[in-house]
Amino acid sequence: MTILNPLFFDRPADRVAHDLIGCCLNWTRSDDSHSRMITETEAYIGPHDLASHAARGRTKRTEVMFGEPGTLYLYFVYGMHWMLNVVTGPAGYPAAVLIRAVQDINGPARLTKAMALTGSLNGKQADEENGVWFTDDTRPPRTKVIRSARIGVEYAGPVWSLKPLRFSLRPAKIS
DNA sequence: ACGATGATGAAC
DNA sequence: TTCATCATCGTA
């Protein structure tokens with residue numbers, strides 16, 4: 001098991017989003033370390049992606065999306081929820097992957113709540129020192145990654161809201 | 001189906 | 001400075 005470094009994230013967001021399924025999200029919270037398999041992600045693939053914050057251009061909020069691959073992008077929505085994203089490459093190109101769910105924690109807002117994450121790590125690298133990092137792992141056998149439309153992005157119009165940029169783990173059938 | 005709840009960005 | 005909108009969730 002190896003720690004995913006910026007090189008892993010220095011690829012198109014949809015490839016990274018796909019490959020993160022089955023990998024582990026790790027975090028430390030008050031001396032306790034946690035590790036859970038990632039089960040659902042979404043790719044926001046560039047400035048032409050009308051569902052991406054980066055479609056509005058470089059603003060104070062989207063600034064970190066233009067940063068180094070492997071940078072954490074945390075933002076606040078709906079007046080109460082934090083979303084956890086990782087910036088993908090290349091540097092200077094605004095794209096990111098939203099971590100929507102890990103094993104036993106479904107939903108991007110519930111995830112950040114469980115991790116006790118807020119905006120303090122926005123713009124920081126995903127590594128052990130910062131307390132949030134990713135590790136390589138392998139998907140359980142008899143499972144596969146399925147693609148579907150992203151959630152909550154209808155404002156982007158039919159073309160972009162329907163693109164299959166949501167990746168999730170389909171569990172093995174219980175026989 | 002909808003309200004909570006505040007940051008964001010665009011219009012004025 | 002106002003305003004609609006929002007990468008959601010819990011309750012109904």
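**DNA strand C, the largest pocket and Trp82**

Q: In this predicted model, which residue has a side-chain N or O atom 2.5 Å from a base nitrogen of DNA strand C?
A: In the predicted model, a base nitrogen of DNA strand C is approached to 2.5 Å by a side-chain N or O atom. The residue that supplies this atom is Asn85.

Q: Which elements give two or more residues to the surface near DNA strand C?
A: Phosphate oxygens of the strand also take part in contacts, one lying 3.1 Å from a polar side-chain atom of Arg100 and one 3.2 Å from a polar backbone atom of Pro108. The elements that contribute two or more residues to this surface are β4, β5 and α3 (108-115).

Q: What percentage of the atoms of DNA strand C within 4 Å of the protein belong to sugar or phosphate?
A: The strand is surrounded by 19 residues, with Tyr75, His81, Asn85, Gly107 and Tyr155 the closest. Of its atoms within 4 Å of the protein, some belong to bases, while the share belonging to sugar or phosphate is 57%.

Q: How many nonpolar residues are in the lining of the largest pocket?
A: The largest pocket holds about 370 Å³ of space, and of its 20 lining residues those closest to the centre are Tyr44, Tyr75, Met83, Ile151 and Gly152. By class, the lining has 4 polar and 2 charged residues, and its nonpolar residues number 14.

Q: Is Trp82 buried, partly exposed or exposed?
A: Trp82 is placed in strand β4, and its contacts beyond four places in sequence include Leu74, Pro108 and Leu117. Buried requires a relative accessible area under 20% and exposed one over 50%; because the value for Trp82 is 24%, the residue is partly exposed.

Definitions and conventions. Residues numbered from 1 in each chain as written. Chains lettered and ligands numbered in written order. Predicted model: local features only at pLDDT ≥ 70, side-chain atom pairs only at ≥ 80, totals over all residues. Heavy atoms only, no water. 1 Å grid on protein atoms, 1.4 Å probe; cavity = no way out; pocket = protein on both sides within 12 Å on 5 of 7 lines; lining within 4 Å. Points joined across faces, edges and corners; volume = space filled by probe spheres on them. Nonpolar A, V, L, I, M, F, W, Y, C, P; charged D, E, K, R; others polar. Helix = DSSP H or I, 4+ residues; strand = E, 2+ residues; numbered from the N terminus. Buried < 20%, exposed > 50% of the residue type's maximum accessible area, 1.4 Å probe, protein only. Contact = heavy atoms within 4.5 Å. Near = heavy atom within 4 Å. Polar contact = N/O pair within 3.5 Å; in protein donor to acceptor, adjacent residues only side chain to side chain.
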